Amino acid sequence: MGLGVGIFLAAVGAVLAFAVTDTVSGVNIHTVGWILLIVGIIGIVLSMIFWSSWAGPGYWSRRRGPYVEDAPPPPGY
């Protein structure tokens with residue numbers, strides 16, 4: 001689950017838990033809303049944890065050494 005899906009689930013869950021006042025027979029809308037809200041928040045947190053462990057965008061380009069234009073050629077060249 002990505003960050004966008006987590007935000008979407010949290011938003012839909014918050015709307016169902018706090019803003020909907022209708023009742024449906026056989027389903028408690030507020031409980032479904034709370035479940036979606038909690039799942040969305042867990043998805044957001046996990047996405048942020050895995051994003052920081054991956055080191056984010058540009059990680060491989062930062063690992064290279066600096067480019068030196070006037071450096072001498074390597075030995076044996």
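This is a short tour of one predicted model, stop by stop.

**Before starting.** Residues are numbered from 1 along each chain as its sequence is written. Local features need a pLDDT of at least 70, side-chain atom pairs count only at pLDDT 80 or more, and totals for chains, interfaces and linings use all residues, while side-chain values use heavy atoms, with hydrogens and water left out.

**Colour by confidence.** pLDDT is the predictor's confidence in each residue, from 0 to 100. The protein chain averages 82, and 75% of the residues score at least 70. Select helix α1 (residues 3-19), where confidence is highest, at a mean of 94. Then select helix α3 (residues 59-63), where the mean is lowest, at 55. Helices here are DSSP runs (H or I, at least four residues), numbered from the N terminus.

**Select G13.** This glycine lies in helix α1. Is G13 buried or exposed? G13 is buried, because its relative accessibility is 0%; buried means under 20% relative accessible area, exposed over 50%, and partly exposed in between (1.4 Å probe, protein chains only). Leaving aside residues up to four places away in sequence, G13 touches G33, W34, L36 and L37, where contact means heavy atoms within 4.5 Å. Add V32: its C-alpha atom is 7.2 Å from that of G13, although the two are 19 residues apart along the chain.

**Select F18 and W34.** The count of aromatic pairs is 1. Rings of Phe, Tyr and Trp (its six-membered ring) pair if their centres lie within 6.5 Å; planes under 30 degrees apart are stacked, over 60 edge-to-face, and the rest tilted. F18 and W34 are edge-to-face, with 5.2 Å between centres and 80° between planes. The pair links distant parts of the chain, F18 in helix α1 and W34 in helix α2, 16 residues apart. F18 is exposed because its relative accessible area is 56%, whereas W34, at 41%, is partly exposed.

**Show the nonpolar patch.** Keep F18 and W34 selected and add I38, I41, I42, V45, L46, I49 and F50: together they make a nonpolar surface patch of about 910 Å². Helix α2 (residues 29-54) gives the most to this patch, with 8 residues. One of the patch residues, V45, is in helix α2 and counts as partly exposed because its relative accessibility is 44%.

**Select S47.** This serine is also found in helix α2. S47 is buried, with a relative accessible area of 16%. Not counting residues up to four places away in sequence, S47 touches M1, G2 and L3.

Technical notes
Helix = DSSP H or I, 4+ residues; strand = E, 2+ residues; numbered from the N terminus. Patch = residues over 30% accessible without salt bridge, like charges linked within 9 Å, V, L, I, M, F, W, Y side chains within 5 Å. Areas by Shrake-Rupley, 256 points an atom, 1.4 Å probe, with all protein chains shown as cover. Salt bridge = Lys/Arg side-chain N within 4 Å of Asp/Glu carboxyl O.
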